[in-house]
Amino acid sequence: MTVPLHDQASPAVQFLSTDGVFSVSEQSEQYAPYLERLTEADHRRFYRDMSVVRAFDVESANLQRQGQLALWVPSFGQEAAQVGSAHAARPQDHLFPSYREHAVGFVRGIDLLNVLRLLRGVTHGGWDPKDPTNGNFHLYTLVIGSQTLHATGYALGQKLDGRTNTGNPETDEATMVYFGDGATSQGDVSEALVFASSYQTPQVFFLQNNHWAISVPVTTQSRTPLHRRGDGFGVPNVQVDGNDVLASFAVTAKHLDDARSGQGPQLIEALTYRIGAHTTSDDPTKYRTQEELDSWVAKDPIARFEAYLRSQNAPQSFFDDVDAEAKDFASDIRRRTLALETPDMSLMFDHVYSEPHPLLEEQKAWLTQYENSMNGGESA
């Protein structure tokens, strides 16, 4: 019987065991120096960010169930992969998400209400990625895998503009793109890897392997560990325990540094798990077992990091403060979501073309007249 190569893979890079015990292994040794960049305040910020975004996630799911959102896309369980990698990026780096990177957006400074505005249907984009307050965090992309092409094009522009590999890490830029295991089956991702490798773009492909592309398990999607896809394109790659926030930070920091210094694209596969549904329109009980779910709940990234912080003598007052902040954040998100108003219908015409367009003007006039007729006015 042939043993699937998934079962022959080397251990992923990890610093924290599932019960929060720190150790350095053969796989993690080269990444350990990157942890020296972190202070106690950074560690506490990691825990805070993960906890606040999880509270946001739960509240958002509740809002959808109560009819306040058309859809919700949970990130519950994937907080360590996102928070660790996002903090590894420098302010000048550009980050391209899919549609589940709520923690990354939070770390980069976007107002998470804008994610809910998008899923409530009152905005076409949510936020302006050119606004410095949004931390070079680009727009959510619902077309599976297409953001990898967008990111590769942007990274090529960084290279051609001389904004990378100058020898100054304080100003050199890189691009990081987030995508899931299901996206690796899309042609866009392969095309992005081809161009990134050919032009040696300064970018990191950050693959969050949450083990399920909606209802298809990763073992069906690929016979080999997904990070090995990089081998076929000549892209250096590594697999990391995505539920270990310290490992996610250190591995990403190292490979972003490599990308900025002219070593070309890098691929990181973060092993994590989608604890909730793919979206609120999905029922995961139809395709996965409770035993599998329970095994991953036991690896919860927040509980793991809490155990580590307690071993480092973090006081109970710190955890109490974070819990209170998370509850306040969720409450504020609910209040502001319920206060959102329906936008003027003209919004759908305003940003289709950069200049006025006669056909759009005609359509807008027709719709305005039609809407007026529904309120007692005259139609055309």
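Gln158 has a relative accessibility of 0%, and because buried means under 20% relative accessible area, Gln158 counts as buried. This residue belongs to a predicted model, in which Gln158 lies in helix 5, the stretch formed by residues 146–160. Leaving aside residues up to four places away in sequence, Gln158 touches His94, Arg163, Thr164, Glu173, Ala174, Thr175 and Pro202. Glu59, by comparison, is 99 residues from Gln158 in sequence, and the two C-alpha atoms are 38 Å apart in space.

From this helix we can turn to strand 7, which spans residues 266–271 and has five of its six residues buried, so that the strand is largely enclosed by the rest of the structure. Strand 3, made of residues 203–209, pairs with strand 7 in the parallel sense over six bridges, and within this pairing Val204 has Gln266 of strand 7 as its bridge partner. Strand 6, made of residues 237–241, also pairs with strand 7 in the parallel sense, here over five bridges, with Asp241 standing opposite Leu271 of strand 7. Strand 6 and strand 7 also belong, together with helix 8 (residues 245–260), to a right-handed β-α-β unit.

Further along the chain, helix 10 (residues 301–311) packs with helix 11 (residues 316–338) at an angle of about 150°, their axes being 10 Å apart. Helix 10 contributes Glu306, Leu309 and Arg310 to this contact, while helix 11 contributes Gln316, Phe318 and Phe319. Sorted by class, the residues in the contact of helix 10 with helix 11 are three nonpolar, one polar and two charged.

Conventions. Residues are numbered from 1 along each chain as its sequence is written. This is a predicted model: local features need pLDDT of at least 70, side-chain atom pairs count only at pLDDT 80 or more; totals for chains, interfaces and linings use all residues. Side-chain values use heavy atoms; hydrogens and water are left out. Buried means under 20% relative accessible area, exposed over 50%, partly exposed in between (1.4 Å probe, protein chains only). Helices (H or I, at least four residues) and strands (E, at least two) are DSSP runs, numbered from the N terminus. Two strands pair if DSSP finds at least two bridges between them. A crossover is right-handed if, with the strands pointing away from the viewer, the path from the first strand over the helix to the second runs clockwise. Axes are lines fitted to C-alpha atoms, for helices over the stretch in contact, and angles run from 0 to 180 degrees between N-to-C directions. Contact means heavy atoms within 4.5 Å. Ala, Val, Leu, Ile, Met, Phe, Trp, Tyr, Cys and Pro count as nonpolar, Asp, Glu, Lys and Arg as charged, and the others, Gly among them, as polar.
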